[in-house]
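Let us read a protein model together, one feature at a time. Take a look before we start.

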Amino acid sequence: MILSVSVLLSTYNGSIYIADLLDSLLSQDYKDFKVYIRDDLSTDNTCRIIESYCSSYPEKFIFMNDKLGNLVEYL
């Protein structure tokens, strides 16, 4: 049985970590995955980095740009 994996990734001001994280996912032996990324209104370069990966690897990374802003306000 072949399983596909979906990864849900939330980000917030993680520009110093996000490229390494996404590169790590790409370097895994298991390749049948998609990463759905939602940003929580970052003020650094996180979104720009995510958009770059989504452009380069559209079959792997999907940016869920919902414009809802920081969801901590909804708790």
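Q: Which elements of the protein chain have the lowest and the highest mean pLDDT?
A: pLDDT is the predictor's confidence in each residue, from 0 to 100. Among the elements here, β1 has the lowest mean, 95, and α1 has the highest, 98. The protein chain averages 91, and 92% of the residues score at least 70. Where pLDDT is low, the predicted coordinates should not be read in detail.

Q: What kind of model is this, and what are the ground rules?
A: This is a predicted model: local features need pLDDT of at least 70, side-chain atom pairs count only at pLDDT 80 or more, and totals for chains, interfaces and linings use all residues. Residues are numbered from 1 along each chain as its sequence is written, and side-chain values use heavy atoms, with hydrogens and water left out.

Q: How many helices and strands does the protein chain have?
A: Helices (H or I, at least four residues) and strands (E, at least two) are DSSP runs, numbered from the N terminus. The protein chain has two helices and three strands. From the N terminus on, their order is β-α-β-α-β.

Q: What span does helix α1 reach from its first C-alpha to its last?
A: The expected span of a helix is 1.5 Å times one less than its number of residues. Helix α1 covers residues 15-26, which is 12 residues. It reaches 17 Å, close to the expected 16 Å.

Q: Which residues in α1 are buried?
A: Buried means under 20% relative accessible area, exposed over 50%, and partly exposed in between (1.4 Å probe, protein chains only). In α1, Ile18, Leu22 and Leu26 are buried. Seen down the axis of α1, the buried residues fall within an arc of 65°, so they line one face of the helix. That arc is taken from the directions from the helix axis to the C-beta atoms. On the other side of α1, Ile16, Tyr17 and Asp20 are exposed.

Q: What covers the buried residues of α1?
A: Contact means heavy atoms within 4.5 Å. The cover includes β1 (5-11), β2, α2 (46-56) and β3 (61-63).

Q: Why does Arg38 count as buried?
A: Arg38 counts as buried because its relative accessibility is 14%. Arg38 lies in strand β2, residues 33-39.

Q: What joins the side chains of Arg38 and Asp40?
A: A polar contact is a pair of N or O atoms within 3.5 Å; within protein, one must be able to donate a hydrogen and the other to accept it, and residues adjacent in sequence count only if both atoms are side-chain atoms. Here the side chains of Arg38 and Asp40 make one of 3.3 Å.
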